[in-house]
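Trainee: Before we look, could you take me through the contacts with the nucleic acid and show how each label is earned?
Mentor: Gladly; we shall set each value against its cut-off and then conclude.

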Protein chains: 2
Amino acid sequence: MNKKQLQSEQTRKRIGDAARHLFVQKGYKATSIEDITAATGSSKGNIYYHFKSKEGLFLYLLDEWDRDWIAKWQEKEHRYASAAEKMYGFAEQMVNEDLNHPLTKAADEFFVGDDKTCEVEDRLAEMVANHLAFNRALIQEGIDSGEFRSGDTAGLALVLEALVVGLSQISRRSSTEQALTTYRLAIEVFLHGVAETAAVSEPER
Amino acid sequence: MNKKQLQSEQTRKRIGDAARHLFVQKGYKATSIEDITAATGSSKGNIYYHFKSKEGLFLYLLDEWDRDWIAKWQEKEHRYASAAEKMYGFAEQMVNEDLNHPLTKAADEFFVGDDKTCEVEDRLAEMVANHLAFNRALIQEGIDSGEFRSGDTAGLALVLEALVVGLSQISRRSSTEQALTTYRLAIEVFLHGVAETAAVSEPER
DNA sequence: GATAATCCTGAACTTTCGTTCAGTATCTTA
DNA sequence: TAAGATACTGAACGAAAGTTCAGGATTATC
């Protein structure tokens, strides 16, 4: 790889990382291009050299983030023995990955905005669908294995989604440790809430 | 009351209602003054005749909303026999009142924004504190009455808050009936999750 | 080493949006 | 009914933010 190519890739990554962090922290609209330049040291023009537009940058991040997330998850999914354990693993990964599943605050705001392209709209709809399908699969697995009471799987997937979205929102201003504690407690409550028997196995710390 | 005064009050209410709805729907920044004029028929100038600024309008709505909410709640709180029933009532009121407790998406976004006044900052901090105290009291009541397992009350209050915030976020694009169903299911899961015994009373429909 | 390609800068342009204000219409009051 | 108060309009202003571009710096290619 060229020195140029390497440099290009590095700045691209530098901009991406800073932008993602800011988008998560402040939301889409509230994050300005100048905020990103301030966080990277790059100039405005440089951002537009590497990315088509602010919207393009956001979309790129969403794609990348989603792919990374899924990859990381699939890598360790098989290590969990039960659906309950998976949920704790799920929570842990969320806390470690920028306190979020892809598509939370910024994405939601982006979703409601009226200036989005068709391409963006389709991509977001697809991600939401994938997201809910992921939750459904996780819950269905628990039901099939007898860990969870059988019931409204789709509804429970929505509830889990709400919990995740809400947790990421209120944890935005707290430390990683604090967030992890709250996430664990939340999963604990959720598991008790859907458990087949009163007793649910606690996580190994 | 004068015809002028009546008219003034009506417009003020008309603007307030439209603005609150838009703020809930789109968030604070994404809602422009022109959006509000479009939704009310009033002119830009008229909004500034009745309200000091966009920030002032938002703050006014927050105050009003909070007061109304508390009043409505206190009015029917005594009708609920158990903590569990209170939670279902809580959910119902949230769905009916613009699908939200005061201080959700727009307020959260407002909270993170960097251009806020000290007055606003204080007011918001106060509301957040009240909000969590409300949750804590509700949960503590359940523990005291033996409905809920005793445990980390403050932590559970955070989890409940996350659930509420998340529910309002994902329900923003769904119908009232759909939202109510999801809210009820969520409360059901939460109640099972914190219940002392495996069996938790279902709500009367 | 010269030329071309790539990476990057920062000032300037454009659009959007909050805000103001001079002026008009409607109502109250005396 | 005349004068003043109140409610409202919409064009204009200014600040902020997204975007573009001419040109400079660095690296690759020959």
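**Surfaces around the two DNA strands**

Mentor: Sorted by class, the residues of the surface near DNA strand C are three nonpolar, 14 polar and five charged; please keep in mind that this is a predicted model.

Trainee: Which residues are the closest to DNA strand C?
Mentor: Of the 22 residues that surround DNA strand C, the closest are A:Y49, A:H50, B:K4, B:I33 and B:Y48. Sugar and phosphate make up 68% of the strand C atoms that come within 4 Å of the protein.

Trainee: What makes the pair between A:H50 and a phosphate oxygen of DNA strand C a polar contact?
Mentor: An N or O atom in the side chain of A:H50 is 2.6 Å from a phosphate oxygen of DNA strand C, and the cut-off for such a pair is 3.5 Å, so the pair qualifies. By the backbone, a polar atom of A:S43 is 2.9 Å from a phosphate oxygen of this strand.

Trainee: Why does B:G45 count as having a polar contact with DNA strand D?
Mentor: A backbone N or O atom of B:G45 lies 3.5 Å from a base oxygen of DNA strand D; because pairs within 3.5 Å count, this one is included. On the same strand, a phosphate oxygen is 2.7 Å from a side-chain N or O atom of A:K54.

Trainee: Which helices supply at least two residues each to the surface near DNA strand D?
Mentor: They are helix 1 (3-26) and helix 3 (44-50) of chain A, together with helix 1 (3-26) and helix 3 (44-50) of chain B.

Methods. Residues are numbered from 1 along each chain as its sequence is written. Chains are lettered from A and ligands numbered from 1 in the order in which they are written. This is a predicted model: local features need pLDDT of at least 70, side-chain atom pairs count only at pLDDT 80 or more; totals for chains, interfaces and linings use all residues. Side-chain values use heavy atoms; hydrogens and water are left out. A polar contact is a pair of N or O atoms within 3.5 Å; within protein, one must be able to donate a hydrogen and the other to accept it, and residues adjacent in sequence count only if both atoms are side-chain atoms. Helices (H or I, at least four residues) and strands (E, at least two) are DSSP runs, numbered from the N terminus. A residue is near a molecule or strand if one of its heavy atoms lies within 4 Å of it. Ala, Val, Leu, Ile, Met, Phe, Trp, Tyr, Cys and Pro count as nonpolar, Asp, Glu, Lys and Arg as charged, and the others, Gly among them, as polar.
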